[in-house]
Amino acid sequence: MISLAGSKQQGLIGLLSPVENKIRWLANGTFTLYLMHMPVMLFLTSVLPGEVDNPLRGLTILLLCLVVCYSLATFTERRKQFWTRVVDKSAIKLGLARSPN
C-alpha cells in the first residue's frame, strides 16, 4: 500500500515537472496578490467604463488585476534581498540598528 502511494506521488511529480518553473513563478507572487488584489480591483472597477453586471467587464477587471498584481510582485516580492539591504542600510543610517561588523 505504501509503495502504491509513493508511485502515485512520483507520477504527479513527473506530470508537473515540465511546468515547475511556471508554478514556482506564480507561487512567488501570491503574497503581493493577496495584499493588493482588493485595492487594485476597486481602482479598476472605478476607472473602467461599462455596466456593473457586464461579464466581459468583470473578466477584464480580473485579468487586469492579475497582471497588475504580478507586475508589482516583480518589484517587491521577487526582489526581497534588495529591499532587505535597503531597509537594513537605512536603519543603520538612522541609528535604529547597528552595523553587523
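# Exercises on a helical model

At a relative accessibility of 2%, Cys-65 counts as buried (buried: under 20% relative accessible area; exposed: over 50%; partly exposed: in between; 1.4 Å probe, protein chains only). The model is predicted, so local features need pLDDT of at least 70 and side-chain atom pairs pLDDT 80 or more, while totals for chains, interfaces and linings use all residues. Residues are numbered from 1 along each chain as its sequence is written, and side-chain values use heavy atoms, with hydrogens and water left out.

## Exercise 1. Cysteines

Determine how many disulfides the structure has, and explain why the sulfur of Cys-65 is or is not bonded to that of Cys-69.

Step 1. A disulfide is a covalent bond between the sulfur atoms of two cysteines. The criterion applied here is a pair of cysteine sulfur atoms within 2.5 Å.

Step 2. The cysteine sulfur closest to that of Cys-65 belongs to Cys-69, at 4.0 Å; the pair is therefore too far apart for a bond. Cys-69 is accordingly in no disulfide.

Step 3. The count by this rule is 0 disulfides. Cys-69 is buried, with a relative accessible area of 0%.

## Exercise 2. Helix α4

Compare the span of helix α4 with its expected length, then identify its buried residues and their packing partners.

Step 1. Helices are DSSP runs (H or I, at least four residues; strands are E, at least two), numbered from the N terminus. Helix α4 comprises residues 55-75, which is 21 residues.

Step 2. The expected span is 1.5 Å times one less than the number of residues. For α4 this gives 30 Å, and the distance from first to last C-alpha, 31 Å, is close to that value.

Step 3. The N-terminal end of α4 is capped by Asn-54, with a side-chain oxygen 2.9 Å from the backbone nitrogen of Leu-56.

Step 4. The buried residues of α4 are Arg-57, Ile-61, Cys-65, Cys-69, Tyr-70 and Ala-73. They pack against α2 (20-27) and α3 (30-47) (contact: heavy atoms within 4.5 Å).

Step 5. Ser-71, also in α4, is partly exposed at 34% relative accessible area. A polar atom of the Ser-71 side chain lies 2.7 Å from the backbone oxygen of Val-67.

## Exercise 3. The nonpolar core

Establish which residues make up the largest nonpolar core, and which helix gives the most to it.

Step 1. A nonpolar core is a set of buried Ala, Val, Leu, Ile, Met, Phe, Trp, Tyr and Cys residues joined through side-chain atoms within 4.5 Å.

Step 2. The largest such core has 5 residues: Val-40, Leu-44, Ile-61, Cys-65 and Cys-69. At least two of its residues come from each of α3 and α4, and α4 gives the most, with 3 residues.

Step 3. Leaving aside residues up to four places away in sequence, Val-40 touches Cys-65, Val-68 and Cys-69.

## Exercise 4. Gly-29

Decide whether Gly-29 is buried or exposed, and list the residues it touches.

Step 1. Gly-29 is located in the loop between α2 and α3. With a relative accessible area of 0%, Gly-29 is buried.

Step 2. Beyond residues up to four places away in sequence, Gly-29 touches Tyr-70, Ala-73, Glu-77 and Arg-78.

Step 3. Gly-29 and Tyr-70 are 41 residues apart along the chain, yet their C-alpha atoms are separated by 5.9 Å.

## Exercise 5. The salt bridge

State how many salt bridges the structure holds, and which side chains meet.

Step 1. The criterion is a side-chain nitrogen of Lys or Arg within 4 Å of a carboxyl oxygen of Asp or Glu.

Step 2. The structure holds 1 salt bridge, in which the side chains of Glu-20 and Arg-24 meet at 2.9 Å, N to O.

Step 3. Both residues belong to helix α2 and are 4 residues apart, about one turn of the helix. Glu-20 is partly exposed, at 35% relative accessible area.

## Exercise 6. Helix α5 and beyond

Check the span of helix α5 against its expected value, and classify Pro-100 as buried or exposed.

Step 1. Helix α5 (residues 80-93) has 14 residues and should span 20 Å; its end C-alpha atoms are 20 Å apart, which agrees.

Step 2. After α5 comes Gly-95, with a positive phi near 80°.

Step 3. Pro-100, in the segment after α5, is exposed at 74% relative accessible area. Pro-100 and Phe-75 are 25 residues apart in sequence and 26 Å apart, C-alpha to C-alpha.

Notes. Polar contact = N/O pair within 3.5 Å; in protein donor to acceptor, adjacent residues only side chain to side chain.
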